[in-house]
Amino acid sequence: MLMRTDPFRELDRLTRQMFNGNGTLAYPAAMPMDAWREGDSFVVEFDLPGVDPGAIDLDVERNVVTVRAERPARQDTGDMIAAERARGTFSRQLVLGDNLDTDRIEAGYDAGVLTLKIPVAEQAKPRKIEISTGDAGRQAINT
């Protein structure tokens, strides 16, 4: 059953609509994301439920990744009882460190989740360096 007379819920909805604030955990102003390191790459997931994959735009300029998505307004509103899902254009930018390879970013969209895999750049990966000794070209002299 839907609650139509909760004044606090209505006030919260109206406040979000009018001021488009920073949002809360329940109603984020931007698309929510998770990010973590997995081996030699970073993984970032954006929640975009109900967004058509063709309406997602992913751009990379230098070390800035921009994700834009659009959830259009409903055409047949009829007798709308509740309208809590955000509509319109969403945008999020990630500033990546120089240790990530932005030329090899992989993106996939499944079940309303946009997943980016960003590999660590080869020059940023740990590597072993051989240590040479000073005795390399010397020979012992017997007298």
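Strands β3 and β4 (residues 64–71) run antiparallel, and six bridges hold the pair together. This is a predicted model, so the pairing described here is what the prediction shows. One of the bridged pairs puts E61 across from V64 in β4. Between the two strands sits a hairpin turn with two residues in it, and R62 in that turn has a positive phi of about 55°.

On its other side, β4 meets β5, again in the antiparallel sense, over eight bridges. Here R68 can be picked out, with S91 in β5 as its bridge partner. Put together, these strands make an open sheet of three, in the order β3-β4-β5, with antiparallel pairing. Why do β3 and β5 have one side without a neighbour in the sheet? Both β3 (56–61) and β5 (88–95) stand at the edges with a single partner strand each, so one side of each is left free of a neighbour in the sheet. From one strand to the next, the twist averages 15°. As a general point, strands of a sheet pair through backbone hydrogen bonds, either parallel or antiparallel.

There is another sheet to look at, an open one of four strands ordered β1-β2-β7-β6, with antiparallel pairing. Its edges are taken by β1 (33–38) and β6 (106–110); each has a single partner strand, so one side of each has no neighbour in the sheet. Neighbouring strands of this sheet are turned by 15° against each other on average, ignoring direction. At the β6 end, five bridges join β6 to β7, and these two run antiparallel. Within that pairing, G108 stands opposite T115 in β7.

Strand β2 (residues 41–47) includes S41. Is S41 buried or exposed? With a relative accessibility of 15%, S41 counts as buried, because the cut-off for buried is under 20%. Leaving out residues up to four places away in sequence, S41 touches W36, I118, P119 and V120.

Next comes the nonpolar core. The largest one has 17 residues, and F46, L48 and L114 touch the most other members. The elements giving two or more residues to this core are β2, β4, β5 and β7 (113–119). L48 is worth following a little further: not counting residues up to four places away in sequence, L48 touches M31, I56, A69, R71, Y109, G112 and L114. In soluble globular proteins generally, nonpolar side chains tend to be buried together.

Stepping back to the whole chain, the secondary structure comes to one helix and seven strands. Along the sequence, the pattern reads α-β-β-β-β-β-β-β. Of the 143 residues in the chain, 19% are buried. The accessible surface is about 11,400 Å², and carbon and sulfur atoms account for 50% of that. Among contacts with a separation of 6 or more, 48% link residues 24 or more positions apart.

Finally, how far can the prediction be trusted? The mean pLDDT of the chain is 80, with 73% of the residues reaching 70 or more. Over residues 22–26, though, the pLDDT is below 50, and this stretch has three contacts in the model beyond near neighbours in sequence. Where pLDDT is low, the predicted coordinates should not be read in detail.

Notes
Residues are numbered from 1 along each chain as its sequence is written. Side-chain values use heavy atoms; hydrogens and water are left out. Buried means under 20% relative accessible area, exposed over 50%, partly exposed in between (1.4 Å probe, protein chains only). Contact means heavy atoms within 4.5 Å. Accessible areas come from the Shrake-Rupley method with a 1.4 Å probe; for residues, only the protein chains shown count as cover. Two strands pair if DSSP finds at least two bridges between them. Axes are lines fitted to C-alpha atoms, for helices over the stretch in contact, and angles run from 0 to 180 degrees between N-to-C directions. pLDDT is the predictor's confidence in each residue, from 0 to 100. A nonpolar core is a set of buried Ala, Val, Leu, Ile, Met, Phe, Trp, Tyr and Cys residues joined through side-chain atoms within 4.5 Å.
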